[in-house]
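Colleague: I am new to this structure and should be grateful for a guided reading. May I put some questions to you once it is displayed?

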Amino acid sequence: MGDIESGAREALLVFDRYDEEFNTLTEQIQHSLNEEPMNPYTDNLLRQCQDLLKQMALEARSLKQPTLLQRVKDYKSQHAQLQQEYERQGLLGRHNDDDEESRRRTEDMLSDQNDTLERARRTMQETEQVALEITEELGQNRETLMSAHGRVREVSSMTGRARRILNTMTQRALQQKMILYAVGGGLVLAFFFILGCGGDESLGLPLQGGTLVLSVETSTFATTNKAA
């Protein structure tokens with residue numbers, strides 16, 4: 001009888017140690033579940049707790065004490081709750097990982113779009129700058145063309161005036177030539193007229209210029225003949 005009671009006390013002591021170990025494991029599991037992110041050793045702790053419950057169930061059945069069996073049943077329910085919480089957080093973690101991956105892909109896509117928009121904006125600025133430079137250059141070319149056109153008109157006007165002056169000078173030179181030709185022709189006619197009238201000088205007709213000498217010499221010769 002004493003040996004049976006001694007064995008029962010030892011079994012109770014073993015069960016109590018199991019009970020303390022179970023409480024320690026459940027505390028560690030609960031602490032791990034509360035961590036962010038969840039401790040990767042939580043699954044190992046749950047398996048240790050499940051193995052411990054099997055040993056506790058064996059000890060409770062060997063002692064044949066309903067209170068111990070009920071305690072093991074409560075511990076199993078507590079373990080099941082911890083297991084469900086672990087699985088739920090695992091699903092949430094995978095869902096969060098999926099959300100994180102989706103968020104990263106979305107951020108990468110937005111970043112690419114922002115880069116594309118920035119490149120398009122820079123291209124538009126460069127195009128606008130080139131357009132402004134082209135417009136400014138066209139304006140300068142227009143001013144140059146207008147200035148050249150003005151000089152061309154000025155040169156054309158000067159050329160017209162020079163042409164008119166040249167025509168006037170040509171006309172005057174032609175008129176002077178005509179006058180010279182007329183005067184020369186008149187002199188030639190007068191000369192031939194004088195030569196044609198040279199036979200009349202023996203009659204004592206008065207002549208102009210050098211022909212008067214012949215009349216004077218003829219008169220002197222006649223006077224001398226009479227005095228003789």
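Modeller: Please bear in mind that this is a predicted model. Among the elements of the protein, helix 4 (residues 212-227) has the lowest mean pLDDT, 41, and helix 2 has the highest, 87.

Colleague: What is the average pLDDT of the protein?

Modeller: The score expresses the predictor's confidence in each residue, from 0 to 100. In this protein, 77% of the residues score at least 70. The average pLDDT of the protein is 77.

Colleague: Over which residues does pLDDT stay under 50?

Modeller: Where pLDDT is low, the predicted coordinates should not be read in detail. For the stretch in question, the model has six contacts beyond four places in sequence. The stretch under 50 comprises residues 201-228.

Colleague: What pattern does the protein follow along the sequence?

Modeller: The secondary structure comes to four helices and zero strands. Read from start to end, the pattern is therefore α-α-α-α.

Colleague: Which helix supplies the largest share of the largest nonpolar core?

Modeller: This core has 20 residues, and Phe15, Phe22, Ile29, Leu52, Met56 and Val72 touch the most other members. Helix 1 (2-34), helix 2 (42-63) and helix 3 (66-196) each supply at least two of its residues. The largest share, nine residues, comes from helix 2.

Colleague: Leaving aside its neighbours within four places in sequence, with which residues is Phe15 in contact?

Modeller: Phe15 belongs to the core residues that touch the most other members, as do Met56 and Val72. Beyond its sequence neighbours, the contacts of Phe15 are with Met56, Glu59, Ala60, Leu68, Arg71 and Val72.

Colleague: Is Gln89 buried or exposed?

Modeller: Gln89 has its place in helix 3. A polar atom of its side chain lies 3.0 Å from the backbone oxygen of Leu33, and the side chain of Gln89 also makes a polar contact of 2.9 Å with the side chain of Glu85. The relative accessible area of Gln89 is 19%. Because the limit for this class is under 20%, Gln89 counts as buried.

Colleague: With which residue does Arg88 form a salt bridge?

Modeller: The closest N and O atoms of the pair are 2.7 Å apart. The two partners are three residues apart in helix 3, which means that about one helical turn separates them. Arg88 is partly exposed at 42% relative accessibility, and its partner is partly exposed at 25%. The partner of Arg88 is Glu85.

Colleague: Which residues are joined with Glu118 into one network of salt bridges?

Modeller: Arg121 meets Glu118 in a salt bridge of 2.4 Å, N to O, and Arg122 meets Glu118 in one of 3.6 Å. Arg121 lies three residues from Glu118 in helix 3, and Arg122 lies four residues from Glu118, so about one helical turn separates the members of each pair. Glu118 is partly exposed at 29% relative accessibility, as are Arg121 at 38% and Arg122 at 39%. Through shared partners, the residues joined with Glu118 are Arg121 and Arg122.

Colleague: How many salt bridges does a search of the whole structure find?

Modeller: Among them are the bridge between Arg88 and Glu85 and the bridge between Arg121 and Glu118. The search of the whole structure finds five.

Colleague: What percentage of the residues of the protein count as buried?

Modeller: The protein exposes about 18400 Å², of which carbon and sulfur atoms supply 58%. Of its 228 residues, the share that counts as buried is 13%.

Conventions:
Residues numbered from 1 in each chain as written. Predicted model: local features only at pLDDT ≥ 70, side-chain atom pairs only at ≥ 80, totals over all residues. Heavy atoms only, no water. Core = buried A, V, L, I, M, F, W, Y, C linked by side-chain atoms within 4.5 Å. Buried < 20%, exposed > 50% of the residue type's maximum accessible area, 1.4 Å probe, protein only. Contact = heavy atoms within 4.5 Å. Polar contact = N/O pair within 3.5 Å; in protein donor to acceptor, adjacent residues only side chain to side chain. Areas by Shrake-Rupley, 256 points an atom, 1.4 Å probe, with all protein chains shown as cover. Salt bridge = Lys/Arg side-chain N within 4 Å of Asp/Glu carboxyl O.
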